[in-house]
Amino acid sequence: MQNVIEIENLVAKYGEKVILDGINVNIPKGKITIVLGGSGSGKTTFLRSIIGLLEPAEGTVKMLGKIVNQLDEKEQEEVLKQIGVLFQNGALLNSISISENVSVPLEKHTNLPKEIIDKIVESKLSLVSLSHALKLLPSELSGGMKKRAALARAIALDPQILFCDEPSAGLDPITSVNLDELILKLKDQLKISILIITHELASIHRIADEIIFLSKGKLIFQGTLEEAKNSGIEEVVEFFKIGEF
Amino acid sequence: MLKISQNENRIDFEGELSFSEVKQAYDTLQKIIKITNQDLIFDLEKISKIDSSGVAFLDIAREKLKSKNLELKIFNTSQDIQEVIQTFSAGKVALNLQVKKDGFLESIGDSFYGFIQNLENLLYLISDIFFWSIVGIFNRKGARKDSFIQQAVLIGVNSVPILGLISLLIGLILALQSAEQLRQFGANIYVADLIAVSMTREMGPLITAIILSGRSGSAIASEVATMVVTEELDALKTMGINPVRYVYVPKIHAITIVMPLLAILSIVIGIAGGFLIGYFYLDLSFNAYLKETLSVLYLKDFVTGILKSIAFAWIIVISGCFYGSIVRGGAEGVGKATTASVVASIFMVILADSLFSLIFYF
Ligand SMILES: Nc1ncnc2c1ncn2[C@@H]1O[C@H](COP(=O)(O)OP(=O)(O)O)[C@@H](O)[C@H]1O
Ligand SMILES: [Mg+2]
């Protein structure tokens, strides 16, 4: 299998409003793919359609060889087990502590003894430098800490695919560099395929293998960083020149 | 696949040390640790893949041996495997982190379309909630731990003071309003009948429902809306957890138990309020008032009161969950959803109350 995700003619709507209008794209296995596009261009919608939170109005999304919205409950659980999602706002469960948040997917999807689960939780939280915050509630963390805790939860099960919606937005530069290093490690050591929505040019330079660019509901570019800079597509070239939308 | 073979204190692992295999490795380890009194050697030469659960297993093994003053030696790890161990070994390696506007007709069409779609969603939500509420009684898996008690306290106990105060005032007001008329006819004692019947059949459950709409309904709506806005509900879904079961059902269970208790409390306090007027203004004795009250109340009145309060309870929770779940926009949307939920639930409670009056007493 060359691609972890294959998308054919994806149309996504909210009510009658068309957000994505016929997207065809494959996401390669074992690589870091960056999704670019201006604010409101439908990046989050794209991600929600892939992971099955938003039913496509038309077209199909195949993830790990299975069509996402045609699965029965069991198959769906199998697929969900293999993906981790870092949401734009972190989306930690507010009523339980950070370490409990990270253990939720482990308890749900594995039959591992508590001792091992606790160890995994500890290890994932130390990866994002939150060892000192295990017992805190999400409301007691800063924005950047929440993001990191949410990342720890997203990688709790060593997923095959990791989705991150603007992981470094609102982080200080050092934290953001460290986050990128962690993401590279996950790719190299665990062979995780990673899809990241981000605008941070520096971060893109550090981690991008592949770039896809959304604009006005269409996919206007797919290729490597070098290809993007030399693509001659005005909006794409412009972004890499200025570094913002 | 994982194969484990033991040769004295040397244990060979072959295959994968990953999420699906670690349980097996752990169980084997438990047995070995129990009887061993020498250091252990893990040979990982034939391990083809390790992930964070495998590393956690190695950490646990090391700790368990250490607590018996023994050591774990890990042999023959390849470069790749060493890297993964370094990454995930707990506590050791830490990252150093510090439009266009619609016309009038179009917008009418849109809102009608929206209404139909919402109605459909509402029906789905209601059937989901009831299905999982019933399943949830028998199977607690998939619900939040302790959430039932927590919710019961949140919804119930915290409302007691305000509910008690208002019920007392309502009892006083009802009695005062009627006292003057009754006195003119020398029918003082009937104030007890009046208060007992109206509190039990009508006012008790209704006051409780209205207060809980304001207090708990709004809290539920804003909690759910916040969970939507912060993508918490999405996160639950992607982790394979049913949000209805995890978030809504404990609320339904808690309120179904708590609401009738609160309604009874309200009835009792309301009657007490009536008694105060009877005692100080109409010269009724405690015994006479109590006797009259008990003689006029039938079991049916109590049962309908309780049934009503349960129905009101469900309306409040469902309204909160529904308006919370259809929130749009950010923090601002949360406020709107909360307001809409309270208005709708008070309206629906009163509507339901009139229906009950038709059914039970007409
Ligand atoms: N739940 C929703 N209902 C209606 N419209 C939405 C909803 N979520 C997003 N939108 C709209 O869809 C468009 C794309 O949003 P989004 O995918 O979040 O953009 P991005 O992540 O690229 O900033 C925006 O115009 C936004 O207003
Ligand atoms: Mg977004």
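Start by selecting A:Lys187, which counts as buried at 15% relative accessibility. The model is a predicted one, and this tour moves from salt bridges to a metal site, a cavity and a surface patch.

**A:Lys187 and its partner**

Show the side chain of A:Asp209 next. A:Lys187 and A:Asp209 meet in a salt bridge, 3.1 Å from N to O. The two residues are 22 positions apart in chain A: A:Lys187 sits in helix α6 (residues 173–190), and A:Asp209 in the loop between α7 (201–207) and β9 (210–215). Unlike its buried partner, A:Asp209 is partly exposed, with 23% relative accessibility.

**A network in chain B**

Select B:Arg10, B:Asp12 and B:Asp43 together. Salt bridges with shared partners join these three residues into one network. Over all chains, the structure holds 19 salt bridges.

**Two strands of chain A**

Return to chain A and select A:Lys218 with A:Asp21. The closest N and O atoms of this salt bridge are 3.5 Å apart. The pair links distant parts of the chain, 197 residues apart: A:Lys218 belongs to strand β10 (residues 218–223) and A:Asp21 to strand β2 (residues 17–28). A:Lys218 is partly exposed at 38% relative accessibility, and A:Asp21 is partly exposed at 35%.

**Across the two chains**

Now select A:Glu115 and B:Lys64. Their salt bridge has its closest N and O atoms 3.1 Å apart. The pair crosses between chains, from helix α4 (residues 114–127) of chain A to helix α2 (residues 52–67) of chain B. Which end is buried and which is partly exposed? B:Lys64 counts as buried, because its relative accessibility of 16% is under 20%. A:Glu115, at 30%, counts as partly exposed.

**The magnesium ion**

Select ligand 2, a magnesium ion, and display A:Thr44 and A:Gln88. The protein donors are OG1 of A:Thr44 and OE1 of A:Gln88, at 2.0 to 2.6 Å from the ion. These residues lie 44 apart in chain A, with A:Thr44 in helix α1 (residues 43–50) and A:Gln88 in the loop between β6 (83–86) and α3 (98–109). A:Thr44 is partly exposed, with a relative accessible area of 23%. A:Gln88 is also partly exposed, at 28%.

**The largest cavity**

For the next stop, select A:Ile83, A:Gly84, A:Pro105, A:Arg153 and B:Met239. The largest cavity has about 130 Å³ of space. It is lined by 14 residues, and the five selected are the closest to its centre. Which elements each supply at least two residues of the lining? They are β6, α3 and α5 (143–154) of chain A, together with α8 (232–238) of chain B. The largest share, three residues, comes from β6 of chain A.

**A nonpolar patch on chain B**

Finish on the surface of chain B. Select B:Ile257, B:Leu261, B:Ile264, B:Val268, B:Leu299, B:Phe302, B:Val303 and B:Leu307, which make a nonpolar surface patch of about 720 Å². Helices α9 (243–281) and α11 (299–325) of chain B each supply at least two of the patch residues. Then pick out B:Leu299, which is placed in helix α11. B:Leu299 counts as exposed because its relative accessible area, 68%, is over 50%.

Notes:
Residues numbered from 1 in each chain as written. Chains lettered and ligands numbered in written order. Predicted model: local features only at pLDDT ≥ 70, side-chain atom pairs only at ≥ 80, totals over all residues. Heavy atoms only, no water. Patch = residues over 30% accessible without salt bridge, like charges linked within 9 Å, V, L, I, M, F, W, Y side chains within 5 Å. Areas by Shrake-Rupley, 256 points an atom, 1.4 Å probe, with all protein chains shown as cover. Salt bridge = Lys/Arg side-chain N within 4 Å of Asp/Glu carboxyl O. Helix = DSSP H or I, 4+ residues; strand = E, 2+ residues; numbered from the N terminus. Buried < 20%, exposed > 50% of the residue type's maximum accessible area, 1.4 Å probe, protein only. Donors = N, O, S within 2.8 Å, 3.2 Å for Na, K, Ca; no water. 1 Å grid on protein atoms, 1.4 Å probe; cavity = no way out; pocket = protein on both sides within 12 Å on 5 of 7 lines; lining within 4 Å. Points joined across faces, edges and corners; volume = space filled by probe spheres on them.
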